[in-house]
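User: I'd like to walk through this model with you, one question at a time. Could you help me read it?

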Amino acid sequence: MNHDTKAPAMPKRVMGLYDKSFWSHVQDRKLSLQCCGACNTFQYPPGPVCSQCLSEQLDWKPLSGLATILSWVVFRRTYLEAYQAPYNVITVRLDEGPLMVSNLQGPVPEGEWIGKRVSVVYAEMAEGQLLPRFELIQP
Ligand SMILES: [Zn+2]
């Protein structure tokens, strides 16, 4: 057991066949997704072809990092050491279209969460890995 690290280790990433570019961009504090050269659709998760038109012309393009909260939940029970309760999980619709599941970092809305605008931030985990999370855009 390692007692040197202050923050608990995150669960190891499950790296799919097409995930490496996404996480490489995140480590550079950039949010990028595959975008189809034929129909201009962004997609997430990444894959071998466009999910809309099956084109193989996929390029990684940068995103604005802006999104809108579609759904949220606060867990009041700890399931993983790295996620001590209470913690939230949100689903956002990125301005470019795809959905992403993440956490809302910092202040949370006092009332309704759904529809709130958020922007991406990069949380540093115990082993130096960056994780894209979101913060409220203050009006
Ligand atoms: Zn397409």
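User: How many Å separate the centres of domain 1 and domain 2?

Analyst: Happy to help, keeping in mind that this is a predicted model. The domain assignment places domain 1 at 14–62 and domain 2 at 65–139. Taken over C-alpha atoms, their centres are separated by 21 Å.

User: Which elements each supply at least two residues of the side of domain 1 that touches domain 2?

Analyst: The contact draws nine residues from domain 1 and nine residues from domain 2. On the domain 1 side, these divide into five nonpolar, three polar and one charged. The elements that each supply at least two of the residues there are helix H1 (20–27) and strand E2 (42–43).

User: Where does the largest nonpolar core lie relative to the two domains?

Analyst: This core has 16 residues, and those with the most contacts inside it include Ile 90 and Val 118. Strands E1 (32–36), E4 (66–75), E5 (87–94) and E7 (117–124) each give two or more residues to the core. Because domain 1 and domain 2 both contribute residues, the core lies between them.

User: Which residues does Val 92 touch, leaving out those up to four places away in sequence?

Analyst: Val 92 is among the residues with the most contacts inside the largest nonpolar core. With those sequence neighbours left out, Val 92 touches Ala 67, Thr 68, Ile 69, Leu 70, Met 100, Ser 102, Val 118 and Phe 134.

User: Over which residues is the pLDDT below 50?

Analyst: The protein averages a pLDDT of 92, and 94% of the residues score at least 70. Where pLDDT is low, the predicted coordinates should not be read in detail. The stretch below 50, with one contact beyond near neighbours in sequence, is residues 1–5.

Key: Residues numbered from 1 in each chain as written. Predicted model: local features only at pLDDT ≥ 70, side-chain atom pairs only at ≥ 80, totals over all residues. Domains from an automatic or database assignment. Contact = placed C-beta atoms within 7 Å. Helix = DSSP H or I, 4+ residues; strand = E, 2+ residues; numbered from the N terminus. Nonpolar A, V, L, I, M, F, W, Y, C, P; charged D, E, K, R; others polar. pLDDT = per-residue confidence, 0-100. Core = buried A, V, L, I, M, F, W, Y, C linked by C-beta atoms within 7 Å. Buried ≥ 20, exposed ≤ 12 C-beta atoms within 10 Å, placed from the backbone.
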